[in-house]
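Got the viewer open? Let's take a walk through this one, one selection at a time.

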Amino acid sequence: MPSAISSDEWDLPRLKASIGFEDDFQYLASDDQDTEFFDVKFYPYADATHDPVFAAVSKKHVVIYRLSSKANPPYELVQLFRDDDKEALNCSCTWTKDPETEVPYLCVAGRDAKIKVYDVVHGKLVKVLVGHGGEINDLATCPTNFLLIASASEDTTVRIWSLDPAHSKQPCVCLLAGEGHSSGLLTVAFHNSGRYVLSAGHDNVICLWTLPNLPPESNGKNPPQPIVIHYPHFFTSEVHSGIVDCVAFFGDLVLSRACHEDIIVLWRIEGFSSHDPPPEISEAPTTSDTERLTRSAFAPATASACPPQYTRLLEFWTPHCGHQFYLRFKLFHDKDKHPVLAFGNAKAMIFFWDLARLGSYHDFISQVRDPARDKSQPIHRPGWLAPINHRQKGDAVSKLKDAASDRESVASGRTGSVDVETHLDLNTNYSQETLESWELKYDMTRVEEPIRAHLQSNITVKDFVGRQVAWSTGGEWCVVVGSKNLAIILQRWAKKDKGDDKEKKPSLDRQS
């Protein structure tokens, strides 16, 4: 019998609970009764020992919840706001904090083109940022300076705002505009260095911008005007053929998705490295050659040679998204833990990919196929790399045992054990069905095949549309919000209380 090595580093989140919020339509016009939450973000600045807190935003409401593995249900409502402005229909949020007291602040934005900054402890509005000429569809906080906020708008621009008191007279410190986008924006993301910004939207274009040094503290009556960046240092309309509604950095790589494509793409900007000095503004490529679908300052094309300016690396399969856009993935990325990608589709499914499994699978297959290996020595097969075993008819007892085992390991994502096998040969030890299943989920060399999810959680609420995903700072909790005014709460690494040997079913609680 294979021995087992206990480990939970490979665990993926499992359904824990779901929350139904108060319907928005009673506060909306009679012809606008679409009730859903569009954004969710965990507070990123709390002590690691504290229970995580998240905010979810709908058209008229902001709710703040605290999660705890010791509570049942595992959540507690700690704050609720309603935006009574007639023109306000909100869709995005991001966290920051007061620069002096460090009281948590939540920035909220939407159709009225305003960014409203709330003190979530005292439940009051403390600041309103105005300047965009159209709906604001996304907000992001700089990872290296919590006082810098990026906003992406229908007016085709990204604005960088400073909440530093030094910029109180002119909080908009930078404007990314001009020759980047030709249609409204839907998504914006910072690089971990805080120096680069991605933007994308309705024009199918993805841009990378380099942020300049911020203007100095404003003195006198005339504060400095925002620095205007006309040209991005990278521009492409080739990665996607549809509306791009989500972009993110994965180190120096890029993750992005577009509606109608049913995939998330991982790709590389050739020549780009955050370890290099940031390029000068003057190095950004202009639009002199309008026929170029990709323009880059990092691998410039020349007349004599046209090296690739970007490279598609992997695709992740996200079926059943249909015509929907404004569906956001989220990558959990911590240097001490596995990177895990999560996404909710338009058919009540939540997908997870543990990106560390891709490399582990490659190492396992390479080790097995190594002609020089000593076949008398055992090979460790990760427990999540489970063979497909079809049950035989008539064995009712085994069938029940197998079914219970499958529910525990597959549905929960708890697959951390490692099997030890000897005399291993792929084609002899495993069926063709098993090998094909592994390749679809873990093989990075099959560039023509999008990688299937490593875990799929099915939501019992019919046609739930997952609009946004959020991860707690430590990666234990994952929250997906969307249609039906629902929040789906998932957890991993949960410790059971003594005497509680049975899995508790996820609870559904509708709150008003």
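## Stop one: the core

This is a predicted model, so keep that in mind as you click around. Start by selecting Leu255, Phe316 and Trp353: of the 36 residues in the largest nonpolar core, these touch the most other members. Now widen the selection to the elements that give this core two or more residues: strands β20, β22 (263–269), β24 (310–317), β26 (340–344) and β27 (349–354), plus helices α1 (355–369) and α4 (432–442). Which element gives the largest share of this core? That's α1, with six residues. As background, nonpolar side chains tend to be buried together in soluble globular proteins.

## Stop two: a covered strand and its two partners

Next, select strand β16, residues 196–201. Six of its six residues are buried, so the rest of the structure largely encloses this strand. Show the side chains and you'll see Tyr196, Leu198 and Ala200 pointing one way, with Val197, Ser199 and Gly201 pointing the other way.

Add β15 (residues 185–190), which pairs with β16 in the antiparallel sense over five bridges. To find one of these pairings, click Val188: its bridge partner in β16 is Ser199. The two strands form a hairpin with five residues between them, and Gly194 in the turn has a positive phi of about 80°.

Then add β17 (residues 206–210), joined to β16 by five bridges and also running antiparallel to it. Here Val197 stands opposite Trp209. This hairpin has four residues between its strands, and in its turn Asn204 has a positive phi of about 70°.

## Stop three: the second largest pocket

Time for some empty space: the second largest pocket has a volume of about 1,200 Å³. To get to the middle of it, select Thr141, Pro143, Asn192, Lys330 and Leu331, which are the closest to its centre of the 39 lining residues. Several strands supply at least two lining residues each, among them β15 from the previous stop, β3 (37–42), β11 (136–141) and β31 (466–471). Color the lining by class and you get 24 nonpolar, 10 polar and five charged residues.

## Stop four: an open sheet

β7 (90–97) also supplies part of that lining, and it leads us to an open sheet of four strands in the order β7-β8-β9-β10, with antiparallel pairing. β7 and β10 (124–130) stand at the edges with a single partner strand each, so one side of each has no neighbour in the sheet. Ignoring direction, neighbouring strands here are turned by 25° against each other on average. Zoom in on β7 and β8 (residues 104–110), which run antiparallel and are joined by seven bridges; Asn90 has Gly110 as its bridge partner there.

## Last stop: toward the end of the chain

Select Ala470 in strand β31. Is it buried or exposed? Ala470 is buried, with a relative accessible area of 4%. Now measure across to Ala55: the two C-alpha atoms are separated by 9.7 Å, though the residues are 415 apart along the chain.

β31 pairs antiparallel with β32 over five bridges, and Val469 stands opposite Val480. Six of the six residues of β32 (residues 477–482) are buried. Finish with β33 (residues 486–491), which five bridges join to β32. Look for Cys478 opposite Leu490, then for Lys484 in the turn, with a positive phi of about 65°.

Technical notes. Residues numbered from 1 in each chain as written. Heavy atoms only, no water. Buried < 20%, exposed > 50% of the residue type's maximum accessible area, 1.4 Å probe, protein only. Pairing = 2+ DSSP bridges. 1 Å grid on protein atoms, 1.4 Å probe; cavity = no way out; pocket = protein on both sides within 12 Å on 5 of 7 lines; lining within 4 Å. Points joined across faces, edges and corners; volume = space filled by probe spheres on them. Nonpolar A, V, L, I, M, F, W, Y, C, P; charged D, E, K, R; others polar. Axes fitted to C-alpha atoms, helices over the stretch in contact; angles between N-to-C directions. Core = buried A, V, L, I, M, F, W, Y, C linked by side-chain atoms within 4.5 Å.
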